[in-house]
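This report looks at how two chains meet and then at one helix. The sequence and the structure are shown first.

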Amino acid sequence: MLELKDISKTFYPGTINEKKALIHLNVSLADGDFATIVGSNGAGKSTMFNAITGAFYVDEGEIILDGEDITFKQEHRRSLDIGHLFQDPQLGTAPHMTIEENMSLAYLRASNKTHGFFGRSRKKEKAMFQEQLALLNMGLEDRMKQPVGLLSGGQRQALTLLMATMVTPKLLLLDEHTAALDPATAEKVLELTKDIVEKRKITCLMVTHNMNQALELGNRTLMMDSGHVVFDVSGKERAVLTVEDLLGKFKENAGKQLDTDRILLS
Amino acid sequence: MSSIFTISILQSAIELGFIYSLVVLALFISFSILNIADLSTDGCFTLGCAVAASLTLAGHPILALFGALGAGVLSGFVTSFLQTRLGVESILAGIIVNTGLYTINIAVMGFSSNLNLFKCDSIFTMARDFIQENMGEGAFDALVTGGWYRLILVALLVVVIGILLSLFLGTRLGLSIRATGDNAAMVKASSINPKHTITVGLCVSGAMTALSGGILAQYQKSCDINLGTGMVTIALASLIIGETLIGKGTMFRRILGVIFGSCLYRFIVAVAIRINVPAECLKLVSALIVAVAIAFPYLKKNAVFTKQKYIQMAKRRKGGVS
């Protein structure tokens, strides 16, 4: 589904701030893969996501999504196929628009082949939005006409997740999307993520700092350090892996300890 | 009140309020929705006025309004082109276009600084003739002699445009435009091209500004090169009055608020004229109204806070901290 072939990106080349963020990175995801990504700060996890979504163009290499070379495709064109959730719940929704308007926008944009510029969401679709909101168990289905700015961070993140997957994307990128939420809400949003991704078989990449989560969720774990993947595990080998093993593997492959300032071991 | 105020003054204030409310709606799109300070309003308004006046002089009163509309779209397009494709700051882009439009406006008016439309047909004379021919004498007396037909005509126009606008803002394109101004990060991550939405938004905004100018040209039967000066401040004042008093809510309500704000502003100016504020002081009065309208929400918030603080302090004293 997704293939990153030998991509490199250097920020501020030739200056004192030069930062090689991605160095000949190779990642290949099969259809329906749900991979978790762990790595220390500055390992290039978010940079990789931004390279995939097109926030910048890579210096070298190719990005292929579902057989299509998207290396130089514009960001807004790519995002038709890619859902992207950030750590900050504020980033994914428009605060002064109502829940219904936010969902309409996401729905109309994603299904743009059936809705022209002047397409509007109909009653039937609004009922569908309400149904989907009801599945969150957050009481949002009764607040359709309220501006999103009034929702809590967890509610906004759950809504963003719904919006990103309303029309099934080819690829879903989750950049620590539960890290800014309180533990109970984080758990809920995570359950929801698992549910949606599994049910719809969405190919998904998720950055996390929680090592247990990294092993529990999905079918694959990637460890990154200074711009490339140092450890890639899936299948049976992954099933028996413990957090200690994972840390050991990291040390073995990256030649240093995984810095633990933000890493959650339990 | 009735001694200061005659019905005809109220009537003309509301007529003007409706006409200018299109500019306010334009600013509502660029300033409130897109979050862009578009300063080309002054020039764009005069452009609409000039184009409509020229075409009205040539004997095409209805084409004149469409001409103004088209000219406004072009003006908005140039402003947005400077911003989105050439990397000019939004405020600067507006000022550049505004400056350039001065020459263009003079050219449109045949290199004279004002035009006179006293003997021409306009949508107002057409409406009057229509009433005279198709309705009875009673209707003519009721509508034309009292001058109500003008108010009804502009109100109808503005209401139709307001409804169209509120419908438009619920479409895919309209929602995209609103999201562009509301959350830039979200727009980047969803499939919206902000360059495109800003362009469309500013074109719609320009069209309404120029249409307002066009209607005004026919309404006051003249066009002057300095007509648009200060328009952006006035429109901003009306916008803020409307948003403060009617508040935020659904799109339709906000649009109603904007129209109401424009009428209220004209009403305040009419009062100022009525209590014999000299004509040369009117700009100062306008500036004062703008300043008060903008400062009011802030002062209100402060007053609430001060009151709360006072009550809390009084409670504490009463509680007797020993």
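How many residues does the contact take from chain A, and how many from chain B? In this predicted model, 28 residues come from chain A and 21 residues come from chain B. Between them, chain A and chain B bury about 2,300 Å², of which 57% lies on carbon and sulfur atoms. On the side of chain A, the residues that lose the most area to chain B are His76(A), Arg109(A) and Phe117(A), which together make up 28% of what that side buries.

The polar part of the interface can be described pair by pair. One salt bridge is counted between chain A and chain B; Glu101(A) forms a salt bridge with Arg178(B), with the closest N and O atoms 2.8 Å apart. Ten residue pairs are in polar contact across the interface, both residues being at pLDDT 80 or more.

Two elements of chain A, helix H2 (75–78) and helix H3 (99–110), give two or more residues to the side that touches chain B, and H3(A) gives the most, with six residues. The residues of that side divide by class as follows.

| Class, side of chain A touching chain B | Residues |
|---|---|
| Nonpolar | twelve residues |
| Polar | twelve residues |
| Charged | four residues |

In chain B, helix H10 (residues 194–220) has 27 residues and reaches 39 Å from its first C-alpha to its last, close to the 39 Å expected at 1.5 Å a residue. Because 22 of the 27 residues of H10(B) are buried, this helix is largely enclosed by the rest of the structure. Just after H10(B), Lys221(B) takes a positive phi of about 55°.

Methods. Residues numbered from 1 in each chain as written. Chains lettered and ligands numbered in written order. Predicted model: local features only at pLDDT ≥ 70, side-chain atom pairs only at ≥ 80, totals over all residues. Heavy atoms only, no water. Helix = DSSP H or I, 4+ residues; strand = E, 2+ residues; numbered from the N terminus. Expected span 1.5 Å × (residues − 1). Buried < 20%, exposed > 50% of the residue type's maximum accessible area, 1.4 Å probe, protein only. Contact = heavy atoms within 4.5 Å. Buried area = accessible area lost by both parts, 1.4 Å probe. Salt bridge = Lys/Arg side-chain N within 4 Å of Asp/Glu carboxyl O. Polar contact = N/O pair within 3.5 Å; in protein donor to acceptor, adjacent residues only side chain to side chain. Nonpolar A, V, L, I, M, F, W, Y, C, P; charged D, E, K, R; others polar.
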